[in-house]
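Reader: I would like to learn how to read salt bridges in a structure. Could you walk me through some cases?

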Amino acid sequence: MKNSLEIKGLKASINGTEILHGLNLTIPKGEVHAIMGKNGSGKSTLAKVMAGHPDYEVTGGDVLLDGKTILGLDPDVRAREGLFLAFQYPSEIPGVTIANFMRAALNARRPEGQEVDAVEYYNELYKKMDLLKIDRSFTSRAVNDGFSGGEKKKNEILQMAMLEPKYAVLDETDSGLDIDALKIVSHGVNSLRGPKMGILVITHYQRLLDYIVPDVVHVMVDGRIVKSGSKELALEMEKKGYDWVENLATA
Amino acid sequence: MSEVTTLEKPDLKIDQDEGNFSYPEDYAFDAGTGLTEKTIDYICDVKEDPDWVREFRKKALRIFREKPLPTHWASKDLENIHFDDFRYYLSKGAKPKRTWDEVPDDVKRTFERLGIPEKERAFLAGVEAQFDSEAAYSNIKKAVAEQGVIFVGSREGLKEHPEIFRKWFGKVIPTADNKFSALNSAVFSGGSFIYVPKGVKVKHPLQAYFRINAENFGQFERTLIIVDEGAELTYMEGCTAPKFDSVTLHSAVVELVAMKGAKLQYITVQNWSPNVFNLVTKRGLAHEESEIKWIDCNIGSRLTMKYPGVILKGRKARGEVLSIALANNGQHQDTGAKMIHAADETTSNIISKSISIGSGRATYRGLVHIPRHLKGCKNNTECDALLINTESRTDTYPAIVTRGEGNSVQHEASVSKVSAEQIFYMQQRGLSEGQAMSLSVNGFVNELVRQFPMEYSVELKRLIDLEMEGSVG
Ligand SMILES: Nc1ncnc2c1ncn2[C@@H]1O[C@H](COP(=O)(O)OP(=O)(O)O)[C@@H](O)[C@H]1O
Ligand SMILES: [Mg+2]
């Protein structure tokens with residue numbers, strides 16, 4: 001389907017252990033979907049498999065971005081096709097400043113000789129930083145190097161704002177955030193919502209979904225989506241606990 | 001030869017093949033392969049060396065033959081050098097040129113291929129470029145000459161300025177220093193001779209570009225730079241080499257002398273093809289309150305052994321070595337620094353950054369010597385290694401010999417890795433694997449490179465980018 005990110009019967013393993021056992025999910029552009037699931041249910045695995053992490057082997061199914069398969073493409077090609085992943089554990093890149101890193105990432109999306117204009121670039125960067133209430137001095141710090149948990153997550157959303165992907169997967173962006181930071185980050189994500197972007201929010205807690213209100217909620221158990229519904233499903237989950245859906249999965 | 005085909009390749013937009021070409025060999029003079037007294041005589045005859053040089057060379061040949069390969073600071077790979085297979089002298093047969101018009105077309109093309117920008121080509125008036133054995137182009141920028149600065153090839157230096165040349169030649173690095181300094185002393189040709197008179201501060205860096213251009217042809221440049229009292233000079237040596245199938249030997253000797261209160265900075269960027277043995281001896285002699293700084297960046301080559309040093313001879317002399325070594329697959333960079341403190345209140349600083357990629361190997365060797373009787377001496381040594389992928393290895397041998405109290409020595413070393421996770425993270429932002437590695441490497445050397453002259457850091461970044469692009473499949 002055009003205008004959607006489709007995951008069809010996806011099976012994937014790491015070190016010979018299958019983690020995703022035939023997962024189905026469709027995120028249309030313009031919608032925000034949420035995946036909830038216990039630790040170890042395979043949420044990060046799904047995110048990394050979509051992004052093309054080399055440690056995972058896809059053993060079945062497909063992932064289609066606007067109708068075209070992205071399996072088999074290098075991670076950077078998938079990224080340039082418009083897939084963005086906000087990492088649960090972002091890597092530190094010593095010596096590389098945020099400003100240089102983002103500029104390199106933007107230039108990688110442009111033809112040679114048509115690099116971003118420095119003035120425009122900084123205007124844009126500062127605008128997005130203001131949105132996320134990030135101090136200007138941030139740009140000259142090395143990417144994630146010595147960042148607090150909250151700073152790392154803000155930095156992920158700053159990059160998402162700069163790169164304007166077609167589809168963004170946010171893997172536990174709420175973890176490690178205090179309530180103020182959670183509000184700022186959610187505000188940032190909400191301001192990026194719109195008809196041009198599909199967003200998948202992965203979370204362990206219902207709390208985030210009070211701030212980023214999803215159109216659809218999915219529950220993941222042991223590498224499968226076992227239940228989907230409206231935003232009320234998240235509240236029901238919170239009340240009844242994961243045992244409830246786990247029983248659904250085995251029933 | 002395949003490299004000629006490379007030159008013909010239409011899509012020259014990819015700089016990856018840069019330096020990967022050679023020109024037809026039409027050398028007027030060729031000493032043949034192997035090294036005997038006859039070779040020395042041949043070189044002396046062609047170069048019209050004075051008798052003292054002939055004797056100097058022959059004595060050096062005897063020392064070269066007697067001296068074993070180094071066993072202390074050494075690599076097994078040295079045993080793969082077959083000295084009889086090399087040519088020890090080759091020349092265009094032309095005298096060093098004076099004007100741009102006189103420069104042979106293929107030399108001009110070399111500059112073009114090296115991507116020297118137009119405005120810098122105009123600046124070539126102040127550039128001395130070596131094409132194979134002899135300086136094919138040598139023109140001192142007028143302003144520099146007017147200041148009394150001598151900037152010529154070593155051959156012209158020893159002939160036209162013997163009173164300065166002989167005083168220092170072979171004094172900082174004696175012939176018998178090591179097997180390769182002896183080899184260079186026997187067959188040296190090319191290289192620069194520079195003298196900066198008292199109090200003269202040379203504004204623009206003087207530069208030289210070196211190239212190797214013939215199969216099995218070793219280069220033995222000999223550079224001697226003397227900066228007189230209170231004078232200042234920055235010298236930039238650059239080289240990229242074409243790619244050959246067989247081994248190429250490069251063994252230069254560079255001697256620097258800084259008189260009282262002088263400042264001398266010597267900068268090298270090198271990008272050898274992966275079959276080159278690069279065995280270089282570089283040392284400076286720093287008199288009272290003078291400063292000698294080596295900035296040394298080594299990319300490429302099969303084996304590089306190079307440990308720039310400073311003998312801190314006068315009170316309050318300062319020595320510095322800032323180095324970057326990048327060992328890609330199959331390459332070995334064995335580099336480091338030597339600081340010999342020989343007077344009170346002398347200070348030295350060594351910052352070394354090495355990068356090992358794939359099966360590449362970087363070794364740091366340092367020697368800091370501060371004898372017991374000296375007071376108020378300081379050394380700071382920092383060695384950082386970056387490993388890209390698990391095969392890489394790095395070794396650090398920082399021998400710091402300090403005796404006596406009232407001297408301070410500080411040493412820091414670190415090893416870090418570019419993990420697959422970091423590369424994946426950067427790729428997820430849209431950077432190719434090569435770009436991601438390049439960014440990590442540049443990040444690793446950034447702080448150090450900031451201390452280099454601007455044009456030089458740009459060049460270095462470009463070389464790192466090319467090297468990283470080439471290192472991914
Ligand atoms: N390198 C690995 N080898 C084997 N199993 C792994 C590896 N990494 C993760 N797993 C397993 O994969 C499962 C899913 O992990 P993950 O996707 O991180 O879950 P979540 O993000 O939902 O907490 C877990 O059971 C975990 O133990
Ligand atoms: Mg997870």
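Author: Happily; we will go through the salt bridges step by step. This is a predicted model, where local features need pLDDT of at least 70 and side-chain atom pairs count only at pLDDT 80 or more, while totals for chains, interfaces and linings use all residues. Residues are numbered from 1 along each chain as its sequence is written, chains are lettered from A and ligands numbered from 1 in the order in which they are written, and side-chain values use heavy atoms, leaving out hydrogens and water.

Reader: What is a salt bridge, and how many does the structure hold over all chains?

Author: A salt bridge is a side-chain nitrogen of Lys or Arg within 4 Å of a carboxyl oxygen of Asp or Glu. Over all chains, the structure holds 31.

Reader: Which parts does the pair of A:Lys29 and A:Asp66 tie together?

Author: Their side chains meet in a salt bridge at 3.4 Å, N to O. A:Lys29 lies in the loop between β2 and β3 of chain A and A:Asp66 in the loop between β4 and β5, so the pair ties together parts 37 residues apart in sequence. Strands here are DSSP runs (E, at least two residues), as are helices (H or I, at least four), numbered from the N terminus.

Reader: Is B:Lys58 buried or exposed?

Author: Buried means under 20% relative accessible area, exposed over 50%, and partly exposed in between (1.4 Å probe, protein chains only). B:Lys58, at 19%, counts as buried.

Reader: Which residues are linked with B:Lys58 in a network of salt bridges?

Author: They are B:Glu37, B:Asp41, B:Asp45 and B:Arg54. B:Lys58 and B:Asp41 meet at 2.8 Å, N to O.
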